[in-house]
Amino acid sequence: MWNTGGYHWEEKSVGKWSEERLKEILGGFKFPFPGGELKALEVKKLKGEAGVSIRKGKKIVTYEYEIKLTWECVIRDGDAKEIGTLKGDYDLPEVSNYIDDDNEAYEVKTNVTEDKANLKSRFFDKLRKDGANALISAIREGFVKELKLK
């Protein structure tokens, strides 16, 4: 068992695993909704660190990342025919245990960078609210839960 005495500070290296797991979760992110589907295209920025420590028998899990990913959202009509595509990015300046420990909300900046079919006005709130919330859930349910088991 790791740190069986539990009396000293001991840190377990999870940096490489954390970065790989976050890239996997973020890169595979999809958000289907009535009328379309948003999917991640590329993780543009993943900067930060994570750690798991034990001090006097108590596990301490820390993480703090800055994340930016690009996405594409295909919009379909009632007959499932594609009517247009939006492209953009999500910017999360701080994904951290401090925010989660205090039950606060992550800040997510949503930006549309391409809208050739003029669909932004109809779908921006869906992407900004529901899409961003789905992304946060994917991070918390995937990465954070798994990190806590390390």
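**Exercise 1. Arg 140 and its partner**

Arg 140 is partly exposed, with a relative accessible area of 27%. The model is predicted. Find which side chain meets Arg 140 in a salt bridge, and state where the two residues sit.

*Solution.*
Step 1. Find the partner. The side chains of Arg 140 and Asp 100 meet in a salt bridge, 2.6 Å from N to O.
Step 2. Place both ends. This pair links distant parts of the chain: Asp 100 lies in helix H2 and Arg 140 in helix H3 (residues 120–148), 40 residues apart.
Step 3. Classify Asp 100. Its relative accessible area is 16%. Buried means under 20%, so Asp 100 is buried.
Step 4. Classify Arg 140. At 27%, Arg 140 is partly exposed.

**Exercise 2. A salt bridge inside helix H3**

Determine how far apart Asp 130 and Lys 126 are in helix H3, and give the class of each by accessibility.

*Solution.*
Step 1. Take the contact. Asp 130 forms a salt bridge with Lys 126, and the closest N and O atoms are 3.0 Å apart.
Step 2. Take the spacing. The two residues are four residues apart in helix H3, so about one helical turn separates them.
Step 3. Classify Asp 130. Its relative accessible area is 32%, so Asp 130 is partly exposed.
Step 4. Classify Lys 126. Its relative accessible area is 28%, so Lys 126 is partly exposed.

**Exercise 3. Glu 72 between two strands**

Name the residues paired with Glu 72 in the neighbouring strands. Then say which of them meets Glu 72 in a salt bridge.

*Solution.*
Step 1. Start with E4 and E5. Strand E4 (residues 58–76) and strand E5 (residues 82–96) run antiparallel, joined by 12 bridges.
Step 2. Read across to E5. Lys 87 stands opposite Glu 72. In the same pair of strands, Asp 89 in E5 stands opposite Thr 70.
Step 3. Read across to E3. Strand E3 (residues 36–55) pairs with E4 in the antiparallel sense over 18 bridges. The bridge partner of Lys 39 in E4 is Glu 72.
Step 4. Check the side chains. Those of Glu 72 and Lys 87 meet in a salt bridge of 3.9 Å, N to O. The pair links distant parts of the chain: Glu 72 is in strand E4 and Lys 87 in strand E5, 15 residues apart.
Step 5. Compare the accessibility classes. Glu 72 has a relative accessible area of 18%, so Glu 72 is buried. Lys 87 is at 27%, so Lys 87 counts as partly exposed.

**Exercise 4. Tracing the strand pairings**

Work out which strands E3 and E5 pair with beyond E4, and name one bridge partner for each pairing.

*Solution.*
Step 1. Take E1 with E3. Strand E1 (residues 10–13) runs antiparallel to E3, with four bridges between them. The bridge partner of Lys 12 in E3 is Val 52.
Step 2. Take E2 with E3. Strand E2 (residues 30–33) also joins E3 through four bridges, and the two run antiparallel. Lys 30 stands opposite Lys 39 in E3.
Step 3. Recall Lys 39. Its bridge partner in E4 is Glu 72.
Step 4. Take E5 with E6. Six bridges join these antiparallel strands. The bridge partner of Asp 91 in E6 is Lys 109.

**Exercise 5. Positive phi in the hairpins**

For three hairpins, give the number of residues between the strands and the residue that takes a positive phi.

*Solution.*
Step 1. E2 and E3: two residues lie between the strands, and Gly 35 takes a positive phi near 100 degrees.
Step 2. E3 and E4: two residues lie between the strands, and Lys 56 takes a positive phi near 50 degrees.
Step 3. E4 and E5: five residues lie between the strands, and Ala 80 takes a positive phi near 70 degrees.

**Exercise 6. Charges: network and patch**

List the members of the salt-bridge network and of the negative surface patch. Then locate Glu 104.

*Solution.*
Step 1. Get the total. The structure holds 12 salt bridges.
Step 2. Find the network. Salt bridges link Arg 21, Glu 24 and Glu 146.
Step 3. List the patch. Glu 11, Glu 49, Glu 64, Glu 94, Asp 101, Asp 102 and Glu 104 form a negative surface patch.
Step 4. Locate Glu 104. Glu 104 is found in the loop between helix H2 (97–101) and strand E6 (109–115).
Step 5. Check the accessibility. Patch members need over 30% relative accessible area. Glu 104 is at 43%, so Glu 104 counts as partly exposed.

Key: Residues numbered from 1 in each chain as written. Predicted model: local features only at pLDDT ≥ 70, side-chain atom pairs only at ≥ 80, totals over all residues. Heavy atoms only, no water. Patch = residues over 30% accessible without salt bridge, like charges linked within 9 Å, V, L, I, M, F, W, Y side chains within 5 Å. Areas by Shrake-Rupley, 256 points an atom, 1.4 Å probe, with all protein chains shown as cover. Salt bridge = Lys/Arg side-chain N within 4 Å of Asp/Glu carboxyl O. Lys, Arg positive; Asp, Glu negative; His and termini not counted. Charge placed at Lys NZ, Arg CZ, Asp CG, Glu CD. Buried < 20%, exposed > 50% of the residue type's maximum accessible area, 1.4 Å probe, protein only. Pairing = 2+ DSSP bridges.
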